[in-house]
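Here is my note on the structure you asked me to look over, set out as numbered points. Please keep the sequence and the 3D view open beside it as you read.

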Amino acid sequence: MYYFVYETTNLVNGKKYRGIHKTDIIDDGYLGSGIAFVKAVKKYGKENFIRSILEFCSSYEELIEREKVWVDENWILEDSNYNLKTGGQSSG
């Protein structure tokens, strides 16, 4: 199982989305979630987004903690991203 923090970039406008993902297949095509981000993918198309891995973690618990660092209040306040809430609030 892979646990990682990722950043997906809109290749059209440069806006980014940060999140966490756990998967058995590292290249599973997952780009992200969240209301604003999903709307952007529908508007611009999946082909205009690229995901990069920022950090691997050894457990889901560590992943939640690291998301709090990568998606903090300062990040949320930036207009350059799609994140609407701080990290560490995921369940499951």
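**Notes on the predicted model**

1. In this predicted model, a good place to begin is Tyr3, which, not counting residues up to four places away in sequence, touches His21, Lys22, Glu55, Phe56, Cys57, Ser58, Ser59, Tyr60 and Leu63. Tyr3 itself has its place in strand β1. As for the far end of the numbering, Tyr3 and Gln89 are 86 residues apart along the chain, and their C-alpha atoms are separated by 16 Å.

2. One of the residues that Tyr3 touches is Cys57, which is found in strand β3. Cys57 has a relative accessible area of 11%, and because buried means under 20%, Cys57 counts as buried. When its neighbours within four places in sequence are left aside, Cys57 is in contact with Tyr3, Glu62, Leu63 and Arg66. It is also worth finding Tyr2 in the view, since the C-alpha atoms of Cys57 and Tyr2 are separated by 7.7 Å although these residues are 55 residues apart along the chain.

3. Turning to the chain as a whole, its secondary structure comes to three helices and three strands, and along the sequence these follow the pattern β-β-α-β-α-α. The radius of gyration is 13 Å, close to the 12 Å that the globule rule gives for 92 residues, so the chain is as compact as a globular protein of that length. Along the principal axes, the C-alpha atoms fill a box of roughly 35 × 30 × 20 Å.

4. Of the contacts in the chain with a separation of 6 or more, 58% are accounted for by residues 24 or more positions apart. Buried residues make up 38% of the 92 residues, while the accessible surface comes to about 5500 Å², of which 52% belongs to carbon and sulfur atoms.

5. Which residues of helix α1 (residues 35-44) are buried? They are Phe37, Ala40 and Val41, and they cover an arc of only 100° around the axis, which puts them on the same side of α1. The face of α1 turned away from that buried side carries the exposed residues Ile35, Lys39, Lys42 and Lys43. What covers the buried residues of α1 includes the strands β1 (2-10), β2 (16-23) and β3 (49-57), and just after the helix Gly45 takes a positive phi of about 90°.

6. Val41, which lies in helix α1, is buried with a relative accessible area of 15%. Not counting residues up to four places away in sequence, Val41 touches Lys46 and Phe49. By contrast with such contacts, Val41 and Tyr60 are 26 Å apart in space, C-alpha to C-alpha, with their positions 19 residues apart in sequence.

7. Helix α2 (residues 60-70) can be read in a similar way, for here Tyr60, Leu63, Ile64 and Glu67 are buried. Seen down the axis of α2, these buried residues fall within an arc of 100°, so they line one face of the helix. They pack against β1, β2 and β3, and two of them, Tyr60 and Leu63, appear among the residues that Tyr3 touches.

8. A last point concerns charge: the chain has 12 positive and 14 negative charges, and the mean positions of these two groups are 7 Å apart.

Key: Residues are numbered from 1 along each chain as its sequence is written. This is a predicted model: local features need pLDDT of at least 70, side-chain atom pairs count only at pLDDT 80 or more; totals for chains, interfaces and linings use all residues. Side-chain values use heavy atoms; hydrogens and water are left out. Buried means under 20% relative accessible area, exposed over 50%, partly exposed in between (1.4 Å probe, protein chains only). Helices (H or I, at least four residues) and strands (E, at least two) are DSSP runs, numbered from the N terminus. The arc is that of the directions from the helix axis to the C-beta atoms. Contact means heavy atoms within 4.5 Å. The radius of gyration is taken over C-alpha atoms; the globule rule is 2.2 Å times the number of residues to the power 0.38. Accessible areas come from the Shrake-Rupley method with a 1.4 Å probe; for residues, only the protein chains shown count as cover. Lys and Arg count as positive and Asp and Glu as negative; His and the chain ends are not counted. The place of a charge is taken as NZ of Lys, CZ of Arg, CG of Asp or CD of Glu.
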